[in-house]
Amino acid sequence: MVKEDNLGIKIIPELKKFYPEISFEIVDPNENFPPENEKNLTVIDTVEGLKKPKLFTLADLREFQKTPNSPHDYDLGMHLLLLKKLKKIDTVNIIGAPSGIDRKLFINWLIKVIPDLIGRPG
């Protein structure tokens, strides 16, 4: 929906080549999220203010200043914390991409990080 926020969607074909065993799904966090029967999630999202890619967890979200306002009208972090409170999810890893990051740089960073997330050697 927001051009500056679609890097995660754009890089899925490339990530599928490196990790064919992972099911990458494009979901609208306000509609079909979390996907049915999924309690442990990994989300790729653009995060304003980041200087470099970063991995966040639910515990990190609790530390951030809570605000329901964002460029998307509804803050993803707040939504995830609410889903946790409602016991709809157990864990979340948020892969934060800085706004405007070079696509290849981000993919190279992801290729190093994803093995740890899925529990396999890199």
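Modeller: Accessible areas come from the Shrake-Rupley method with a 1.4 Å probe. Keep that idea handy, and remember that this model is predicted.

Biologist: Okay, so what does the accessible surface of the protein come to here?

Modeller: About 8300 Å², and carbon and sulfur atoms own 53% of that.

Biologist: And how much of the protein counts as buried?

Modeller: 32% of its 122 residues do.

Biologist: Let's get to the fold. How many helices and strands does the protein have?

Modeller: Five helices and three strands. Walk along from the N terminus and you meet them in the order α-α-β-β-α-α-β-α.

Biologist: How do I read contacts between parts of the chain?

Modeller: A contact means heavy atoms within 4.5 Å. Take the contacts in this protein between residues at least 6 apart in sequence: 72% of them join residues at least 24 apart.

Biologist: Now salt bridges. How many does a search of the whole structure find?

Modeller: Just one. In a salt bridge, a side-chain nitrogen of Lys or Arg sits within 4 Å of a carboxyl oxygen of Asp or Glu. Here the side chains of Arg103 and Glu14 pair up, with 2.6 Å from N to O. The two belong to distant parts of the chain, 89 residues apart: Arg103 is in helix α5 (residues 103-118) and Glu14 is in helix α2 (residues 12-18).

Biologist: Are Arg103 and Glu14 buried or exposed?

Modeller: In between! Buried means under 20% relative accessible area and exposed means over 50%. Arg103 has 36%, so this residue is partly exposed. Glu14 has 22%, so Glu14 is partly exposed too.

Methods
Residues are numbered from 1 along each chain as its sequence is written. This is a predicted model: local features need pLDDT of at least 70, side-chain atom pairs count only at pLDDT 80 or more; totals for chains, interfaces and linings use all residues. Side-chain values use heavy atoms; hydrogens and water are left out. Helices (H or I, at least four residues) and strands (E, at least two) are DSSP runs, numbered from the N terminus. Buried means under 20% relative accessible area, exposed over 50%, partly exposed in between (1.4 Å probe, protein chains only).
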